[in-house]
Amino acid sequence: METITNQLSDRINNLATSATLAMAAKARELKAEGKDIIGLSLGEPDFNTPDFIKDAAIQAINDNYNSYSPVDGYVELKDAVITKFKRDNNLTYDRSQIVVSTGAKQSLYNIAQVCLNPGDEVILPCPYWVSYADIVQLAEGVPVEVQTSMDTDFKMTPEQLEAAITPKTKMLWYSSPCNPSGSIYSEAELRALADVLQKYPQIVVVSDEIYEHINYVGGHASMAQFDDMFDRTVTVNGVAKAFAMTGWRIGYIGAPTYIARACNKIQGQVTSGANCIAQRAVITALEAPVSKIQYMVDEFKERRKLILGLLSEIPGFECNEPEGAFYVFPNVSEYFGKTLNGSKIENASEFALYLLEAANVATVTGEAFGNPNCIRISYAASQEQIIEAMARIKKAVS
């Protein structure tokens with residue numbers, strides 16, 4: 001019998017598996033084996049979707065929303081997005097500049113596919129969200145990592161941006177608040193980066209603001225709020241994090257019209273419009289005052305205080321105080337080259353795997369986020385789970 005050769009494309013063979021999803025899958029596998037795993041690897045709020053949003057979805061079902069939706073989103077949802085951008089960010093978009101997608105991840109994928117040609121460079125301040133580099137590479141772009149440090153709260157400086165720009169630079173991608181570091185670029189810091197970009201009008205900026213409302217310092221700023229950056233910035237957002245709607249899969253962009261139309265075009269050939277019931281529910285979510293989700297932000301802030309206090313008691317964990325999102329990103333390089341309970345630790349990936357096996361706590365290696373010295377720990381878990389997880393980690397490394 002003739003042997004069948006591997007018919008998979010180089011594209012998929014060269015694509016990395018999402019580290020966060022891989023760790024979550026490993027944790028589920030161990031749970032199924034009966035192990036008591038505390039999962040602090042996924043970026044997923046542990047709250048239920050608010051009832052007023054669920055009620056809107058039920059109403060949409062009863063109103064018989066079951067047909068294909070417009071590729072770029074219902075007009076009513078696009079209007080709600082426009083109102084949200086104006087209310088929360090002082091950004092003025094029209095309907096031709098809004099595209100609703102199946103999650104902000106698809107929004108980012110669309111942007112890469114319509115903007116990047118082979119060899120185009122995309123600057124990624126490190127640490128960056130785990131999928132950025134792979135989404136860029138799928139579009140045959142070249143990720144250019146800019147290493148930041150805890151000394152600058154993991155934020156890229158104007159000098160670093162200037163040094164990273166080459167004739168091949170096409171885009172800059174960043175998130176604020178940042179996943180995984182929780183860092184937030186202030187208006188002044190964004191303005192300083194924008195001043196550098198004024199010399200390079202060919203560079204398009206992608207501002208991922210999915211954690212916008214999970215902010216402990218106030219004063220969220222958007223790159224597109226500057227008049228000289230509005231026409232070259234794509235603002236990406238969604239409802240997954242702040243509204244506890246990860247599984248509803250709705251993201252959206254505000255973009256220059258030519259980019260929005262291109263995203264609409266590619267989406268029409270790949271997935272078409274996003275889920276009709278989820279879209280109707282998101283209209284209600286975005287039209288509601290932000291105060292309706294403040295209780296979740298308040299609880300995340302309490303958990304941040306709790307986990308930072310507990311981590312400060314664990315030797316070898318160096319932390320800064322994140323300003324937003326629901327992650328801590330400690331430097332654990334003090335353990336590299338050491339042996340813990342018979343396990344030799346050489347890097348962050350091995351350290352994260354050790355914590356899973358020895359402490360039954362799932363975290364994510366910082367290598368997946370472009371920082372080889374750190375691990376990401378989510379505190380989107382109950383205070384009881386956080387206390388237990390930190391106690392287990394402390395025991396495992398002592």
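In the predicted model, a salt bridge joins the side chains of E76 and R280, with an N to O distance of 3.6 Å. The two residues belong to distant parts of the chain, E76 lying in helix α4 (residues 75–89) and R280 in helix α10 (residues 276–287), 204 residues apart. E76 is partly exposed, at 38% relative accessibility, whereas R280 has a relative accessible area of 15% and is buried, the cut-off for buried being under 20%.

The structure contains 20 salt bridges. Among them is the pair E323 and K155, whose closest N and O atoms are 3.9 Å apart. E323 is located in the loop between α11 (294–311) and β9 (327–328) and K155 in the loop between β4 and α7 (158–164), so this salt bridge ties together parts of the chain that are 168 residues apart in sequence. K155 is buried, with 8% relative accessibility, and E323 is partly exposed, with 21%.

A salt bridge is also formed by the side chains of E162 and K199, at 2.6 Å from N to O. Here helix α7, which carries E162, is linked to the loop between α8 (187–197) and β6 (204–208), which carries K199; the two residues are 37 residues apart. E162 counts as partly exposed, because its relative accessibility is 26%, and K199 counts as exposed, because its relative accessible area is 53%. In addition, K84, R87, D88 and E212 are connected in a network of salt bridges.

Strand β3 (residues 121–126) is largely enclosed by the rest of the structure, because six of its six residues are buried. In a regular strand, side chains alternate between the two faces of the sheet. In β3, E121, I123 and P125 point one way, V122, L124 and C126 point the other way, and all are buried.

β3 pairs with two strands, described in turn below. With strand β4 (residues 142–147) the pairing is parallel and extends over six bridges; within this pairing, V122 stands opposite P143 of β4. The connection from β3 to β4 passes through helix α6 (residues 132–138), forming a right-handed β-α-β crossover. With strand β5 (residues 169–175), β3 pairs in the parallel sense over three bridges, and I123 is placed opposite L172 of β5.

How values were computed
Residues numbered from 1 in each chain as written. Predicted model: local features only at pLDDT ≥ 70, side-chain atom pairs only at ≥ 80, totals over all residues. Heavy atoms only, no water. Buried < 20%, exposed > 50% of the residue type's maximum accessible area, 1.4 Å probe, protein only. Helix = DSSP H or I, 4+ residues; strand = E, 2+ residues; numbered from the N terminus. Pairing = 2+ DSSP bridges. Right-handed = clockwise from strand over helix to strand, strands pointing away. Salt bridge = Lys/Arg side-chain N within 4 Å of Asp/Glu carboxyl O.
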